Amino acid sequence: MAEINYPEIQGKHYEEVLNFFSWDLSKHELGFKEDDLINIGEYCSDRICRMGKSDKLALIWEGHKGEIKKYTFNDMRQLTNSIAVFLQNLGIQPGERVCLFMDKVPELYFGFLGILKMGGIAQPLFSAFGSESLLTRLEDAQTSAIFTQKKHLPKVRNILEKLNCLKHIIVVDDDGSKPLKEREIAFNMDASARVDNFEIYPSKAETPSVLHYTSGTTGRPKGAQHVHISLVSQYITAKYVLDLKEDDIYWCTADPGWVTGTSYGIIGPWSNGITQCVLDAGFTAENWYKFIEKHKITVWYSAPTAIRALMKEGTEVVKKHNLSSLRHLTSVGEPLNAEAVLWSKEAFGLPFHDTFWQTETGSIVISNYPGMKIKPGSMGKPFPGITATVVDLKTYLPIERRGIVGMIALKPGWPSMFRTYWNNEEIYKGKFRNGWYLCGDRASIDEDGYYWFVGRDDDVINTAGHLVGPFEIESALLEHPAIAESAVVGKPDPVNMEVVKAFIALKPNIKPDKMLELDIMNFVRKKLSALAMPQEIEFVDKLPKTRSGKIMRRVLRAKEWGEEIGDISTLEEDM
Ligand code: WT7
């Protein structure tokens, strides 16, 4: 077979890349050939060391007391081996589910790769989950072992009686001060014997790797099951969309309990041999800017909620720090308002690049590429190798005409696509129509091929037969000087079917009153239309959010409609 000459894609124009891109290009860069063994743990550590980067820093970690730990790729290679051996010695078999239930400590990141190295399936869960949320997910996955910290141990102990499957509770920070109980065992990673040679599990392309639980609109959370070949997508999108280059210091603010924190907080950057920073501390604008300044972060992947929180603090605090190391900003998880893009340009001299994807897609599918013209408020265009469209809401056929709202649909077959929902093949199958995977989101595509997000398929408001998107209204509201954040839902109306209702959190020190309410209504009517104008405004102290910071409109919507709220276990706190 003739040797194919694969061009470098970084720095090339989107249109040009589209012409020659295929996933083979990524496989080629990874040195992967069809039917080869492929193990994400191996690719993120051993392979990087083989490429001569043993002494390069893989992880710079900072805790909430300001303590710092640093690990090279070789440290990571050996410590992930140690974890793999520890699991094997416990008797964990390939294919068994091992949960990670920890704050963002180094053991979480290395534990993830260690599990993969011995053939286990990694199941990351937010450490902020309560016992009930934990139980549902461990029960569903029939999880065999769980890594956790002392502080979260009581939540595990609470449910132990109901979990016969859970044979081992591994405590990573046990100090011997209190005796461990039944099924519990201590593991001190930093003090563990370093394992230099480990026989990595011979996983193949389709060997299960990660199980990420995600909450749907209805029913219990579902485990999206991924496989080792997902690396092919995650590697190349991290390189191309996040624009990661050899000397970058990268910061992904997401928790690995959320897919962003694994696909782009572990696999993407480390398979590219990139140094990344982790901040295991709560959010304040001051702390974040200090972190960027101290570690000279160059590429930053964050989320709209965080960006809005930074906006709330203003640009004065930005100016107090030297953030000149930053060169590329990216965002994911919810609509990135045009306002936020413009603000970041003003505050940092750089726009945030929106990216769109899901737990199920495993990697970025639509985005604003570096070098591509950004249209503020648009999610950008499909990644080369992804065939996307919007389909009609009734027929599920692609909508040819531009500017019409439909459901985002993707042609199956990209490497990081989920392979099923754990124990739930039926719901998985229900996600496909006419050969398309349905994302459950509505959007339109403009003349230039840019995607414009409208809302979740179940959030779009239909008022008097006109579809209005909550995102559009929320963006408009955000431009009002008194408003910090808002969530817009449809409220039942006897004449118009639905009208717009806005839940609004005001900026500090601003008090709600009737005048302000009318002012806001008028503001939207003028900016958008009378249809989009909220007929009702409810001022709230804060909005219900998932732990990943996504506003849970459906919680608000359900209250308006007097419906069951459904699973709210990912809610930041009880309402
Ligand atoms: C849903 C997926 C992949 C990490 C994000 C969380 C919404 C995601 C965007 C965006 C508007 C977005 C969609 C999507 N979403 N990115 N750039 N603009 N909405 O993954 O928890 O599975 O959520 O998040 O509704 O379907 P997830």
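Leaving aside its neighbours within four places in sequence, which residues is phenylalanine 110 in contact with? In this predicted model, the partners of phenylalanine 110 are Leu59, Tyr71, Met76, Leu79, Thr80, Ile83, Met189 and Trp270, where contact means heavy atoms within 4.5 Å.

A few ground rules help here. Residues are numbered from 1 along each chain as its sequence is written, and side-chain values use heavy atoms, with hydrogens and water left out. Local features need pLDDT of at least 70 and side-chain atom pairs count only at pLDDT 80 or more, while totals for chains, interfaces and linings use all residues.

Now to the ligand: 18 residues surround it, and the closest are Asp354, Thr355, Thr359, Asp441 and Arg456 (a residue counts if one of its heavy atoms lies within 4 Å). By class, this shell holds eight nonpolar, five polar and five charged residues. Strand β14 (352-356) supplies at least two of its residues, as do α10 (259-271) and β22 (451-456); β14 gives the most, with three.

Here are polar contacts (pairs of N or O atoms within 3.5 Å) made by a nitrogen atom of the ligand:

| Residue | Partner atom | Distance |
|---|---|---|
| Glycine 333 | polar backbone atom | 3.2 Å |
| Glutamate 334 | polar backbone atom | 3.4 Å |
| Aspartate 354 | side-chain N or O atom | 2.8 Å |

Taken alone the ligand exposes 560 Å², and the protein buries 94% of that (Shrake-Rupley method, 1.4 Å probe).

Back to phenylalanine 110: along with Phe147 and Trp270, Phe110 has the most contacts inside the largest nonpolar core, which has 128 residues. Such a core joins buried nonpolar residues through side-chain atoms within 4.5 Å, buried being under 20% relative accessible area. Helix α5 (residues 73-90) provides the largest share of this core, eight residues.

Notes
A polar contact is a pair of N or O atoms within 3.5 Å; within protein, one must be able to donate a hydrogen and the other to accept it, and residues adjacent in sequence count only if both atoms are side-chain atoms. Helices (H or I, at least four residues) and strands (E, at least two) are DSSP runs, numbered from the N terminus. Ala, Val, Leu, Ile, Met, Phe, Trp, Tyr, Cys and Pro count as nonpolar, Asp, Glu, Lys and Arg as charged, and the others, Gly among them, as polar. Buried means under 20% relative accessible area, exposed over 50%, partly exposed in between (1.4 Å probe, protein chains only).
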